[in-house]
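Here are my notes, as promised, for you to read with the model open beside them. They go point by point, and you can take them in any order.

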Amino acid sequence: MSKELLNALDILQEEKGISPEVVVDALETALITAYKRNYQQAQNVEVVFDEKKGNFKIFAIKEVVDMVLDSQLEVSLEDAHKINPAYEIGDTIKFEVTPSDFGRIAAQTAKQVVMQRVREAERSIIYEEFIDYEDDLLSGVVERQDRRYVYVNLGKIEAVLTPEGQIPGETFQAHDRIQVYIERVENTTKGPQIYVSRSHPNLLKRLFEQEVPEIYDGTVEIKSIAREAGDRSKVAVYSNDPNIDPVGTCVGPRGQRVQAVVNELKNENMDIIEWNEDPAVFISNALNPAEVLDVHFVPNEKSCIVVVPDNHLSLAIGKRGQNARLAAKLTNHKIDIKSESDFAEYQLTDEYQDLFFPAEDLKEESAEDAANVAEDVPEESLVDVADEVEAIEDASENEVEAMLDNEDVSEGNYDPEDVEDVIDEFDNDSEQSYDDLVAAYDNPDLDKDID
């Protein structure tokens with residue numbers, strides 16, 4: 001039996017990847033359980049495995065005491081000295097208790113426990129292996145399918161392709177080889193459960209990594225992906241090397257690289273565009289093949305209005321709005337597309353003014369402009385203007401209106417005699433001198449529209 005047991009340990013390690021230590025530990029636990037069930041004791045039992053001979057022995061561990069109260073757990077000091085005079089009270093001694101009739105019931109119990117431990121170890125190995133493949137691409141074989149799920153054999157385990165992960169309209173036959181994206185790996189009570197997908201956007205990323213070496217080594221980077229599985233996808237790429245064209249690299253000579261990805265996805269349309277750090281340029285690229293005239297961003301929002309030529313409006317929106325929808329997902333912006341003529345009319349509406357020129361922003365800009373003007377005016381000029389305004393306020397309302405109505409004075413093209421005539425018409429109590437009035441109206445910084 002010992003040779004058969006050692007051979008079995010080697011086979012389990014080779015075929016299942018289970019180490020002999022795991023199996024031996026399971027056997028020890030099984031034998032203790034079987035011994036307890038058949039002989040009603042196991043609290044002080046220990047199983048020892050001889051790795052060379054392949055034999056198990058069961059030992060009962062007893063404590064050395066003065067007075068024995070339980071012979072199954074204790075041994076007297078006198079009996080301990082018969083074994084070895086060096087034993088003292090409190091020491092433990094192992095006594096072999098391997099029963100000669102450790103028969104069929106014990107063996108069957110041991111078998112059940114061992115099989116349970118082997119299954120657990122096998123599940124753990126599979127889980128640890130496939131958790132490393134999460135967010136990665138694997139090739140599998142379609143085994144079967146029911147009304148909802150498609151079951152894909154990945155080698156050591158069967159994965160589940162959910163309805164959400166299937167490409168609309170795609171059909172499979174048994175033994176078809178397909179590539180799937182490992183969406184998540186769960187360790188359930190029934191063992192590892194692997195969920196795969198054919199519709200996930202990252203499937204595109206992994207497929208391009210397979211076909212384009214520059215993406216795999218990081219020279220060309222996929223910045224974002226927007227996908228409607230089975231119909232159309234947009235991929236934004238960027239080159240870290242200025243000498244490499246990212247779009248041309250992904251397309252490949254005669255379109256071979258991108259065509260390999262399209263074939264794997266059953267002729268799904270593919271738009272490859274160049275990513276740009278300028279959002280306006282990126283959005284314009286994302287709306288290809290439509291021409292974009294201008295992009296107007298809504299303040300403080302990830303939203304914009306895109307202006308296109310009148311004859312490109314339907315092209316920019318796309319069939320059932322697909323082109324605009326994918327561009328919005330790709331750029332992470334809400335996109336409102338308007339034709340050139342529609343936008344010209346839209347600019348005259350209150351909605352446009354409220355959206356792009358909020359009242360609060362206008363107030364802030366006016367206050368900022370006023371502050372900037374004040375900073376540009378010399379302090380002594382501000383003092384002079386204040387003195388002049390105060391002097392004019394001392395005049396009567398009619399006198400001020402008369403002065404302002406005088407075109408020669410208001411335009412600075414005055415004659416001293418004309419000004420003197422105007423001053424003579426003022427009230428004799430006026431404290432304004434001729435020089436003061438000339439200086440006041442000659443000052444360009446003075447606002448002459450005074451009530």
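**Notes on the fold and its contacts**

1. Let me start with a helix pair. H9 crosses H11 in the right-handed sense. Their axes are 9 Å apart, and the packing angle is about 145°. On the H9 side the contact is made by Phe282, Ile283 and Ala286, and on the H11 side by Asn323, Ala327, Leu330 and Thr331. For orientation, H11 covers residues 322-331, and H9 covers 279-286.

2. Now the overall picture. Bear in mind that this is a predicted model. The protein chain carries 19 helices and 15 strands. It has 451 residues, of which 36% count as buried. If you take contacts between residues at least 6 apart in sequence, 58% of them join residues at least 24 apart.

3. Next, the barrel. Five strands close up in the order E5-E6-E7-E9-E8, and the pairing is mixed. From one strand to the next the twist averages 50°. One join worth a look is E7 (residues 158-161) with E9 (residues 191-197): these two run parallel and are held by two bridges. Across that join, Leu161 faces Val196 of E9.

4. A helix sits against this sheet as well. H5, residues 201-211, packs on it and touches E5 (137-145), E8 (177-188) and E9. The direction of H5 makes about 125° with that of E8. Around here you can also find Arg184, whose charged end sits over the ring of Tyr195, 4.0 Å from its centre.

5. Then there's the hairpin of E10 and E11. The two strands are antiparallel and share eight bridges, with Ile225 standing opposite Val235 of E11. Three residues lie between the strands, and in this hairpin Gly230 takes a positive phi near 85°. How much of E10 is buried? Seven of the nine residues in this strand (220-228) are, which leaves E10 mostly covered.

6. On to the aromatics: the structure holds nine aromatic pairs. Take Tyr238 and Trp275, whose ring centres are 5.4 Å apart with the planes at 80°, so this pair is edge-to-face. Tyr238 belongs to E11, while Trp275 is in the loop between E12 (269-274) and H9, so the pair ties together parts that are 37 residues apart in sequence. What about their exposure? Tyr238 has 31% relative accessibility and therefore counts as partly exposed. Trp275, at 22%, also counts as partly exposed, since the cut-off for buried is under 20%.

7. A second pair makes a good contrast. Phe343 and Tyr346 have ring centres 6.5 Å apart and planes at 40°, so they count as tilted. Both residues are in H12 (residues 340-346), three residues apart, or about one turn of the helix. Are they buried or exposed? Phe343 and Tyr346 are both buried.

8. Last, follow the rings outward from that pair. Ring pairs link Phe343 and Tyr346 with Tyr352, Phe356 and Phe357, giving a cluster. Tyr346 has a charged neighbour too: Lys338 lies over the face of its ring, at 4.6 Å from the ring centre.

Definitions and conventions
Residues numbered from 1 in each chain as written. Predicted model: local features only at pLDDT ≥ 70, side-chain atom pairs only at ≥ 80, totals over all residues. Heavy atoms only, no water. Buried < 20%, exposed > 50% of the residue type's maximum accessible area, 1.4 Å probe, protein only. Helix = DSSP H or I, 4+ residues; strand = E, 2+ residues; numbered from the N terminus. Pairing = 2+ DSSP bridges. Phe/Tyr/Trp six-rings, centres within 6.5 Å; stacked < 30°, edge-to-face > 60°. Lys NZ or Arg CZ within 6 Å of the ring centre and 35° of its normal. Axes fitted to C-alpha atoms, helices over the stretch in contact; angles between N-to-C directions. Left-handed = near helix turned anticlockwise from the far one by under 90°. Contact = heavy atoms within 4.5 Å.
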